[in-house]
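This briefing covers two topics, a sheet and a helix, and is meant to be read alongside the sequence and the structure shown here.

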Amino acid sequence: LFFPERRIDPVQSRARKEADQPSRDCKGADKTKTRAPKQPGQPSRDCKGAEPKQSRVRKPGALTPVPHHSGAHLPRVEITSVRAPRESLRFLTGAALFALALGPAPFGRAEPIAFENARLIPVDAPEIESGVLLIEDGKIVAVGPAADVGIPPGARRIDASGKTIMPGLVCTHSHLGGIGGADGSAPIQPDVRVSDSINIRAPGFRRAVAGGLTTLNLMPGSGHLLSGQTIYVKLRDAGTIEEAAIRNPDGSIAGGLKMANGTNSMRAAPFPGTRGKSAALVREQFIKAREYQAKCERFADDPEKRPARDLGLECLAEALSGKRVIHHHTHRHDDIMTVLRLQREFGFRVVLHHVSEGWRVAEEIAAAGAPCSVILVDSPGGKLEAANLIFETGGVLERAGVLTAYHTDDWITDSRVFLRMAALGVRAGMSREGALASVTLAGAKMLDLEERIGSLTPGKDADFAILSGDPFSVYTKIEQTWVEGNQVFDRADPNDRLYAVGGYGAGEEAKPYLCCAEHAEGGQ
Amino acid sequence: MKRNPSNHPASPAPESTQANRAATVRERTSHRAATVRERTNRAATVRERSRDRTIAIFTATSRQNRHPAPWYALLVAIVFSLTSTRAAAQIAVRGEIVHTMAGDAISNGVVVVESGKISAVGPADRVRIPQGFPVLTAKVVTPGLIDAHATVGLTGIYNQKQDQDQLERSTAMQPDLRAVDAFNIHDPLVKWVRDFGVTTVHTGHAPGELISGQTMVVKTWGNTVEAATLVPTAMVACTLASSARKGGDKSPGTRAKMMAMLRGKLIAAREYQRKRIEAEDRATQDSSAETDVPADPARDLKMDVLARVLAGELPLLITAQRAQDIANALRLAREFEFRLVLDGAAESYLLIDEIKAAKVPVIVHPLMARYFGELKNASFETPAKLRAAGIPVCTQSGFEDYVPKTRVVLFETAIAAANGLTFEQALSAMTIDPARLLKVDDRVGSLEVGKDGDLALYDGDPFEYTSHCVGVVINGEVVNAEPR
């Protein structure tokens with residue numbers, strides 16, 4: 001029977017994946033006929049684009065939504081299916097013949113796998129001291145005590161006694177892959193896509209799976225008011241960014257928009273020199289986008305009067321319509337309030353990132369319904385706006401009722417110790433449940449992916465990590481990481497272990513291009 | 001062709017005459033250097049006797065002061081010292097487990113501190129707590145932690161030009177820069193690390209220039225640097241890494257140039273030292289000469305410090321991450337026979353035999369440093385690998401030029417504890433091992449009678465992410481009792 005050999009020939013594994021492309025995740029597409037913009041974290045708007053021609057209900061006081069269908073006018077990543085390279089096709093044929101020879105289990109992924117006797121942390125349900133996780137075809141089929149889970153006769157059974165299984169970690173803010181978004185020419189560059197800059201083969205991604213991460217929001221830096229479009233990726237065994245990309249139901253690549261305020265984006269002209277100027281420039285752009293959007297809608301059927309296509313304004317219009325979430329770098333409490341003020345004015349959906357002084361305005365953040373993705377670094381300072389960073393922020397926000405996640409900001413912190421951040425959150429007063437969700441389901445909600453990932457729930461992607469012990473212990477090791485039913489990390493494999501602990505050959509030269517952090521360039 | 005005898009430590013010293021001569025010269029040099037210094041110092045009324053680990057610099061300076069302090073200042077000082085002694089310096093600490101780092105851990109142990117010094121350590125049933133002593137209780141008690149290499153106090157929290165004193169960029173080699181002149185004990189980050197149990201830091205000039213300056217050993221508690229200093233000059237910080245490389249037409253621009261510049265400087269220092277000894281000899285022989293005749297050559301602060309390095313008095317703390325750079329550091333130490341302490345040493349696991357043969361201790365980079373550039377091949381397991389080979393290992397918070405502005409040695413060591421070091425080994429890498437390395441083990445690093453009353457209290461395994469530091473005691477004074 002199929003044995004999931006690790007690091008099988010990548011071409012072959014790719015072929016296997018392509019042969020087995022899961023159908024687009026469009027369950028419930030019909031329920032999204034009309035949908036107002038909402039904050040991430042509210043009930044899913046997954047598959048909103050499945051019926052692209054619908055019009056959207058406006059949020060009271062919100063702006064004219066962008067019709068999502070006018071193909072020529074909307075940024076759309078054209079790739080809707082991954083084309084198999086020739087050699088992949090060859091392997092595909094070979095794999096198919098091999099599978100036929102084997103009989104009923106055509107591909108590894110299709111075979112049900114039961115992880116038995118494990119401590120299970122579903123995140124959206126109480127922990128199970130000893131239970132079964134059953135996966136099939138890249139999806140979770142069942143999670144529960146042994147008595148409640150029927151293991152199909154043909155299933156592969158893996159004894160996970162003494163192990164803990166939890167959902168794959170979701171990092172809402174990562175700079176892995178040597179990313180580079182906007183350049184130094186202007187403070188607002190919404191047409192720039194970070195997906196055009198990522199080396200998906202960078203060792204950082206191997207370290208990330210060693211840390212139990214399975215989903216990342218890859219973002220450009222914070223040296224701009226707006227540094228470009230972000231991309232949500234799965235840490236599949238991918239050779240191209242397209243293979244790693246998470247797709248919207250309409251086939252476009254899923255992602256948000258990166259913005260920043262505070263000191264990182266304040267520089268010499270044409271960048272803003274003050275906070276007031278920063279907000280003014282942003283306001284100006286959004287007003288422009290609103291007008292562009294209105295004209296596009298009004299003259300949708302009149303090519304003469306329709307404004308010339310503008311990729312940047314298109315992207316901002318997507319943010320205004322709620323299709324694209326704004327991921328906003330912001331540290332100081334007054335900068336946080338500025339983001340919320342702009343959010344009220346323009347109605348975009350926003351996730352606050354870093355939020356070092358979020359503890360000062362937790363009630364206000366909660367009232368605005370804005371989720372927070374927090375960074376916790378080992379000491380405050382390093383720059384003025386982080387001087388009041390405290391470990392307690394996560395707990396304070398949680399208690400105020402804010403949807404709270406953590407993020408690595410890798411390379412700021414190392415993805416391999418991502419769980420440590422949530423554990424330090426617990427140290428400083430966050431609830432254990434909240435901390436477990438903060439690196440899984442909360443992040444999934446912020447990326448609008450909570451119907452697909454973030455918890456061990458039947459029907460969700462089989463993304464999970466197998467741990468040697470409690471997630472919040474320093475002594476616990478991530479032993480395996482699985483993405484969509486495929487094992488992508490195995491600590492027992494020396495090649496993988498190298499990335500888990502480091503050592504000669506695990507090296508990485510490419511730092512992210514952040515275009516602001518001159519201090520960060522020094523390094524020792 | 002002449003072979004450098006030190007290249008063949010195992011061979012029976014074929015060039016023994018030369019080696020012996022070198023050793024004799026060094027010994028003599030060391031002795032003479034001390035003599036010269038003594039004389040110079042006498043002339044200047046300033047005693048820089050770092051070996052004594054006193055803070056003579058400061059007392060000497062005040063002695064020089066022509067205007068004596070007013071009488072009431074003295075009175076205030078006396079009153080303050082009396083009250084502080086009475087109020088704070090006596091305390092008893094009970095722990096379910098007391099890790100003394102001098103023998104086995106004690107279950108249900110007690111440490112008594114009187115007048116700032118430890119007066120008793122042992123099981124609760126054998127140690128009497130004097131009447132009236134306040135008692136702190138915790139699950140786990142350890143010696144106050146020692147950060148074997150930091151820049152805290154020089155690298156301020158704000159990371160603005162005015163609070164960054166760790167690097168002077170005007171020239172590549174400035175061994176005369178003293179850490180005591182730059183250390184800000186009131187910087188919030190000093191308190192930050194203290195609250196996690198760090199009571200002593202080896203801090204000073206950061207990696208980033210070929211010779212960036214001196215380091216010091218200082219407690220994390222005190223109103224002035226004078227009050228807190230254990231060793232004003234501990235080591236001289238050197239960098240054999242790309243961060244010390246300069247662009248354009250500035251030197252050093254290459255690895256080889258770094259080595260050439262260091263060699264040139266050390267040779268100059270050797271020459272300076274020899275001339276000063278000769279001048280000293282002349283002065284001694286010529287009894288009619290005035291004792292205050294200026295020595296020849298004129299005193300050079302940079303050379304003074306490097307002479308102390310060559311005399312074996314001050315170690316060179318060389319930051320080198322790549323194996324190639326570590327090998328360069330070892331080569332330089334062989335050539336000039338100075339005491340070498342390796343800092344960072346990300347790829348040291350490739351040179352374990354060489355480092356061991358050279359008997360060089362290693363202060364391993366923060367394990368959660370960013371694994372990019374010269375740290376790209378760094379490993380969580382380096383401390384364990386070095387320790388297994390018998391190489392003295394300490395952990396550190398290191399230098400950060402961005403966020404987090406300082407790391408916490410407790411957290412970095414925890415990663416070592418989770419990656420191959422035993423609990424005791426990891427704890428010793430941030431207590432007694434750095435105390436020995438820094439030659440302050442008569443004062444700190446373990447809980448033994450006579451040592452300073454520096455303790456850290458935890459509500460669980462100190463390395464666990466979810467444990468808290470629930471108390472910090474320095475010189476018998478409770479400096480933090482808020483759980484961190």
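Chain A contains an open sheet of 6 strands, whose order is S8-S10-S11-S12-S13-S14 and whose pairing is mixed. The model is a predicted one, and the points below take up this sheet before turning to helix H6 of chain A.

**The sheet**

- The edges of the sheet are formed by strand S8 (226-229) and strand S14 (404-406) of chain A, each of which pairs on one side only.
- On average, and with direction ignored, neighbouring strands of this sheet are turned by 25 degrees against each other.
- Strand S12 (residues 350-354) and strand S13 (residues 372-374) of chain A run parallel and are joined by 3 bridges, and A:His354 stands opposite A:Val374 in S13(A).

**Helix H6 and its surroundings**

- Helix H6 (residues 311-321) of chain A is largely enclosed by the rest of the structure, because 10 of its 11 residues are buried, that is, under 20% relative accessible area.
- The buried residues of H6(A) include A:Leu313, A:Leu316 and A:Leu320, and also A:Glu314 and A:Glu318.
- These buried residues pack against strands S8, S10 (257-260) and S11 (326-330), as well as against helices H5 (275-298) and H7 (333-346), of chain A.

**The ends of helix H6**

- At the N-terminal end, H6(A) is capped by A:Asp310, a side-chain oxygen of which lies 2.9 Å from the backbone nitrogen of A:Gly312; A:Gly312 is itself among the buried residues of the helix.
- Just after H6(A), A:Gly322 takes a positive phi of about 90 degrees.

Definitions and conventions:
Residues numbered from 1 in each chain as written. Chains lettered and ligands numbered in written order. Predicted model: local features only at pLDDT ≥ 70, side-chain atom pairs only at ≥ 80, totals over all residues. Heavy atoms only, no water. Pairing = 2+ DSSP bridges. Helix = DSSP H or I, 4+ residues; strand = E, 2+ residues; numbered from the N terminus. Axes fitted to C-alpha atoms, helices over the stretch in contact; angles between N-to-C directions. Buried < 20%, exposed > 50% of the residue type's maximum accessible area, 1.4 Å probe, protein only. Contact = heavy atoms within 4.5 Å. Polar contact = N/O pair within 3.5 Å; in protein donor to acceptor, adjacent residues only side chain to side chain.
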